[in-house]
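The following note gathers several points for a colleague who is beginning to read structures. Please keep the sequence and the model open while working through the points in order.

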Amino acid sequence: AAAPASIDFASMDGVDLDHFWMPFTNNRFFKQNPRLFVAASDMHYTTADGRQVLDATAGLWCVNAGHGRAAITDAVTRAAQTLDFAPTFQLGHPLAFRLASDVARIMPAGMDRVFFTNSGSESADTALKMALAYHHARGDHTRFRLIGRQRGYHGTNFGGLSVGGIGGNRRRFVSQVWGVDHLSHTHGQAVRFCRGMQPGNGALAEELEELVALHGPETIAAVIVEPVAGSTGVLVPPQGYLQALRDITRKHGILLIFDEVITGFGRLGKATAAEYFGVTPDIITTAKGLTNGTVPMGAVIASREVHDTVVNGSPEGIEFYHGYTYSGHPVAAAAGLATLGLYREEGLFENAAALAAHWEAAAHALADCPHVIDVRNLGLVAGIELAPRDGTVGARAMEAFHRAFDAGLLIRVTGDIIALSPPLMISAAQIDTIFGMLREILNDLA
Ligand SMILES: Cc1ncc(COP(=O)(O)O)c(CNc2cccc(C(=O)O)c2)c1O
């Protein structure tokens, strides 16, 4: 049955902007200068005034298969018609189990137990609680400390926020009672305009040994990092750094969590960053590309060992007092199944891997544009860092964002960094279009 005619999907007729309190937005500016999408298909959005906008950010790093894909929308429609909602507390439905198996199939060997959430923030908090539950189930009751990293982003729920390292996000909300500590970010002695991974800097991971010595390994439950830090502006790890973290955490019985909300599902040209770097953590968090952004959903993939320790190490009954009403939601699970099917059938991860070199060359060709002080890339991600305009951090990049939108290009900006992460179905010609438009914008930017 078609949607009731009363819902107007693709126009702003009669819409009142006042009631929606928008996330991470300058609401006062937006409500005076609204920028609205009303439709999307493949690589493009359609604006309320009928313009096409090339999506160089896959929405918000999440529409990896491109917009409006029929396989996904059909699956979502049929799921909603067949089973709109079913509980997964002490009850179940087939789609959640099917998707868990499909996700496990593309994870590193041994990482095959999947806990569903509704977002990356919920995935981060789930992973942190899973780590605490793991140590408790082993009778290790002193491990409470959680270690994040400067400039890390793990969403905005209190757990992820406390291990996160972006000051502006946490300052007003997180007291230090959470027993967290932070590693340095990996961009201190970085080589500018580095193509792909940074040169090795083992000392950075050695810093974890210092934190272990400071706190005592028996107090540390987990370390959580983004293999490639996204939201902070695309920080690519140094050669060997992730393996060193893996070695040190394993040595001290500390769980390693990779937050792959951005890097998961093809962003680097492989199913996961863990696969791309050849480093297997104990827990992987995902969201975004899991359902192509069509229906909110996240997944936390635990190693068999973490899962079995919690489940088998718990007294009879419920083993993990955690979960969400919509964990494994049938409509979200249908979106996930259809999305993973598209990645597989269209070889979208392989397409990303095949285009990574072209993407790298196109991104670094901007090095000679005015105000560009760094270009960073890996897979189909790029960060183009601009010199801040005198005294007003972020103003120059924000102007680039507005000019790009008006020119028909969607980019992300964080501080004075332009972050790009297009759908994986992109073509080489569209890569050239993105960077050609950016060149024009940057050349004309004060
Ligand atoms: C690594 C990571 N972890 C957790 C989250 C939180 O996910 P949710 O938002 O679904 O709760 C994210 C999300 N990352 C994110 C979300 C929105 C905007 C931007 C940006 O870079 O502008 C980045 C993320 O990138």
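1. Asp 374 has Glu 385 as its bridge partner, and Glu 385 belongs to E12. Strand E12 covers residues 381-386 and is joined to E11 by six bridges, the two strands running antiparallel. Please note that the model is a predicted one.

2. The pairing of E11 with E12 is part of a wider arrangement. Four strands form an open sheet, and their order is E11-E12-E15-E14, with antiparallel pairing. Which strands lie at the edges? They are strand E11 (372-378) and strand E14 (412-414), each of which pairs on one side only. On average, and with direction ignored, neighbouring strands of this sheet are turned by 20 degrees against each other.

3. Two helices should be viewed together with this sheet. Helix H14, residues 395-407, packs on the sheet and touches E12, E14 and strand E15 (417-420). The direction of H14 makes about 170 degrees with that of E14. Helix H15, residues 428-443, also packs on the sheet, where it touches E11, E12 and E15. For H15, the angle is taken against E15 and comes to about 165 degrees.

4. The second largest pocket deserves a separate look. Its volume is about 980 Å³, and 28 residues line it. Which of these residues lie nearest the centre of the pocket? They are Thr 88, Val 114, Phe 115, Phe 320 and His 322. Helix H4 (94-105), strand E4 (113-117) and helix H11 (304-312) are the elements that give two or more residues to this lining. By residue class, the lining of the second largest pocket holds 16 nonpolar, 10 polar and two charged residues.

5. The model also contains an enclosed space. The count of cavities of 30 Å³ or more comes to one, and the largest cavity has a volume of about 30 Å³. Among the residues lining this cavity are Tyr 153, His 154, Leu 161, Ile 166, Asn 169 and Arg 170, together with several glycines, including Gly 152 and Gly 165. Helix H6 (158-163) and helix H7 (167-170) each supply at least two residues of the lining. The lining of the largest cavity divides into three nonpolar, seven polar and one charged residue.

6. Two residues call for attention on account of their backbone angles. Asp 42 is not a glycine, yet it has a positive phi of about 55 degrees. Asp 42 is found in the loop between strand E1 (37-41) and strand E2 (44-47). Because its relative accessibility is 36%, Asp 42 counts as partly exposed. Arg 151, likewise not a glycine, has a positive phi of about 65 degrees. The place of Arg 151 is in the loop between strand E5 (145-149) and H6. Its relative accessibility is 22%, so Arg 151 counts as partly exposed.

7. The last point concerns Thr 285, which is found in strand E9 (residues 283-286). Is Thr 285 buried or exposed? Its relative accessibility is 0%, and therefore Thr 285 counts as buried. Leaving aside neighbours within four places in sequence, the residues in contact with Thr 285 include Ser 123, Ala 124 and Ala 127. Further contacts of Thr 285 include Ile 257, Phe 258, Asp 259, Glu 260 and Val 261, as well as Ala 299 and Val 300.

Terms used. Residues are numbered from 1 along each chain as its sequence is written. This is a predicted model: local features need pLDDT of at least 70, side-chain atom pairs count only at pLDDT 80 or more; totals for chains, interfaces and linings use all residues. Side-chain values use heavy atoms; hydrogens and water are left out. On a 1 Å grid over the protein atoms alone, a cavity is a set of points where a 1.4 Å probe fits but cannot get out, and a pocket is an open set with protein on both sides within 12 Å along at least five of seven lines; lining residues have an atom within 4 Å of a point. Grid points are joined across faces, edges and corners, and a volume is the space filled by probe spheres set on the points. Ala, Val, Leu, Ile, Met, Phe, Trp, Tyr, Cys and Pro count as nonpolar, Asp, Glu, Lys and Arg as charged, and the others, Gly among them, as polar. Two strands pair if DSSP finds at least two bridges between them. Axes are lines fitted to C-alpha atoms, for helices over the stretch in contact, and angles run from 0 to 180 degrees between N-to-C directions. Contact means heavy atoms within 4.5 Å. Buried means under 20% relative accessible area, exposed over 50%, partly exposed in between (1.4 Å probe, protein chains only).
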